[in-house]
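Here's a friendly walk through the structure shown below. Have it open while you read, and we'll go from one helix contact out to the sheets.

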Amino acid sequence: MGKSPTLSSSSAPLVQPIPINRTSWPDSTPDETQPFVSIICGNSTLTWAFHNTLEEKCCPTVYWRTAHLNPQLFKRDDGSAKNKTGLAVEFRKHIPPIVDTHVFGAQTTVTVQSITPTTKHPPLAVYIVSSCSDETQRIAKLFSSIPSRVYLMKGEDFFSVAEGLQDNYGVDRLAGLRGAGDMYGFPALVFDCGTAMTYTCADMHGRIVGGGIAPGLRSQFRSLGDHTDALPLISPDDVKARVKDAVENDKPLPVFAKETKEAMMVSVLHGLITKTQTIIDCWLHVATLSEKENERVNGKNSALKESNSSDKLNTPRYFVCTGGDSEILHDLYKTDTIFSPNLKQDTLKNDSKSKLSDAIVQHEKYLLHYGIAFVIRRQLVARIEAVKFIGKRVAKLFEGQGEDGDDVFRGRIISLHKSDKNDEGDDGQNKYEELYKIKYDDGDIEDVSKDELPALLALYEQVGEKKPGNDKGKKMTTKRSYGKKSEQSPAAINSNKRKSNKAAPPARKLASPTRKAA
């Protein structure tokens, strides 16, 4: 199977480009009570998942796989209601009943009303990990026919720069590695067996070590079939059937094959086993080194003391196979008798560093969806934790000191909101900061960032409430902004202007928002 066909350059565009938002948190976070959809857009197929709510840890509950969308469906896109309804009908062909019910309810016919957002059926959040930009556009266009919010995920959603993120890592590889870390813990090793075969690993602290990229199994067999006259084209299904026969019926692949297809299979598969076993050995070595380093720094048998984003430690040393052809690699590691003579077993006997029992294979065909689930769950939990601070009392120092010796303003957190101003990130997307709005006891209002808030909470815990009688004779002053511009009342601003022009009265309290300037 190759890439989906595309029209020639002389044809009209299949999809008029539409803006696709990259994830920007917390704006991209779904409602904690609503399910969401994740899509992995590979080189030849789409894998979809329908996820539960936060109460069920956002785990994917239904998976399905489809071919790429037919480009011809989008050739005559005029933006009309009729065209939109037609796309919605097409959309229903790509989703299972549970998703259909969530989007369309009990309706059997698509109407304009059924694809209009309502309170009862809010827009469906959709998260895409993609390595194909044209197909991503088609997915976004398809979802534009129903109430939805579509987001394209990026590398920093899954790992930070401190965790080893680099610009050249594919987002799909990062999603898989994060999924493996969440399911089995760190250190983690993932083989993604698709059109290309990749491997990516992380150490016990969840830091990316690196990986590699090579032609996948189908690419190797296609190369032999396409670039020679005498050799047949072997499909992935042929390989899966032969490997399963070797594992389940004790019919190993002969290393000295007498039949052409078997000769091709045994060569490619033996090369795969040899390569992956070498990678596993290197990963186990990296895992051992990071374990010894942790013991050296934190003491023997100590728990991980570095921020890891996962509380799991992969002590059994599971490694994970995922992707369209991952079942083949998984089956190769289920037995030591896949080849005859048993070269793999003989190799293991003669190489003390290469013991298959030191690592345990796990097959997770939809691993990347678990990586997405981890990211969404983390964002939802962070939002819930952030909201918990609303109503809390805080305290903050101001410039100067009152005659009563009290140099602290006290107030209460009243809301959490986005900043009015935004900065454009490296990806061209606008990025907003979440700010806590604080109303001080004298009526002044100020926004502070999440990074600044802990200091204000800690100061209040230290000083507590103002003692009775301490509000007299305080000098007029302005709160420290900690790098943020305070939102002050006109009276306070006038007082500050007056202060800069002439000496302020010796004992005047900061004006409240409702008090007029004298």
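## Where two helices meet

In helix α4, Asp172, Ala175, Gly176, Arg178, Gly179, Ala180, Asp182 and Met183 touch Leu367, Leu368, Tyr370, Gly371, Phe374 and Arg377 of α10; contact here means heavy atoms within 4.5 Å. Sorted by type, the residues of this α4 and α10 contact come out as seven nonpolar, three polar and four charged. For that sorting, Ala, Val, Leu, Ile, Met, Phe, Trp, Tyr, Cys and Pro count as nonpolar, Asp, Glu, Lys and Arg as charged, and the others, Gly among them, as polar.

α4 covers residues 171-184 and α10 covers residues 367-387; their axes come within 7 Å and cross at roughly 75 degrees. That makes α4 roughly perpendicular to α10, a label used for angles of 65 to 115 degrees. Axes are lines fitted to C-alpha atoms, for helices over the stretch in contact, and angles run from 0 to 180 degrees between N-to-C directions.

A word on what you're looking at: this is a predicted model, where local features need pLDDT of at least 70 and side-chain atom pairs count only at pLDDT 80 or more, while totals for chains, interfaces and linings use all residues. Residues are numbered from 1 along each chain as its sequence is written, and side-chain values use heavy atoms, with hydrogens and water left out.

## The six-stranded sheet

Now for a sheet that α10 lies across. This open sheet has six strands in the order β1-β6-β5-β2-β3-β4, with mixed pairing. Two strands pair if DSSP finds at least two bridges between them. Helices (H or I, at least four residues) and strands (E, at least two) are DSSP runs, numbered from the N terminus. β1 (21-22) and β4 (60-67) sit at the edges with a single partner strand each, so one side of each has no neighbour in the sheet.

Here are three of the pairings:

| Strands | Direction | Bridges |
|---|---|---|
| β2 (residues 36-41) and β5 | parallel | six bridges |
| β5 and β6 (residues 148-152) | parallel | five bridges |
| β2 and β3 (residues 45-51) | antiparallel | six bridges |

You can spot individual partners, too: Ser38 stands opposite Tyr127 in β5, Val126 opposite Val150 in β6, and Cys41 opposite Leu46 in β3.

How enclosed is β5 by the rest of the structure? Six of the seven residues of β5 (residues 124-130) are buried, so this strand is largely enclosed; buried means under 20% relative accessible area, with a 1.4 Å probe and protein chains only. β5 also joins helix α3 (residues 133-143) and β6 in a right-handed β-α-β unit. Right-handed means that, with the strands pointing away from the viewer, the path from the first strand over the helix to the second runs clockwise.

Two helices lie across strands of this sheet. α10 crosses β2, β3, β4 and β5, at about 135 degrees to β2. Helix α2 (residues 97-104) lies across β3, β4 and β5, at about 65 degrees to β3.

## A five-stranded sheet

There's also an open sheet of five strands, ordered β9-β8-β7-β11-β13, again with mixed pairing. Its edge strands, β9 (208-215) and β13 (360-363), each pair on one side only. Inside this sheet, β7 (residues 188-193) runs parallel to β11 (residues 318-322), joined by three bridges, with Val190 partnered by Val320.

## The whole chain

Zooming out, the protein chain has twelve helices and 19 strands. Of its 518 residues, 47% are buried.

How values were computed. Angles under 35 degrees count as roughly parallel, over 145 as roughly antiparallel, 65 to 115 as roughly perpendicular and the rest as oblique. Buried means under 20% relative accessible area, exposed over 50%, partly exposed in between (1.4 Å probe, protein chains only).
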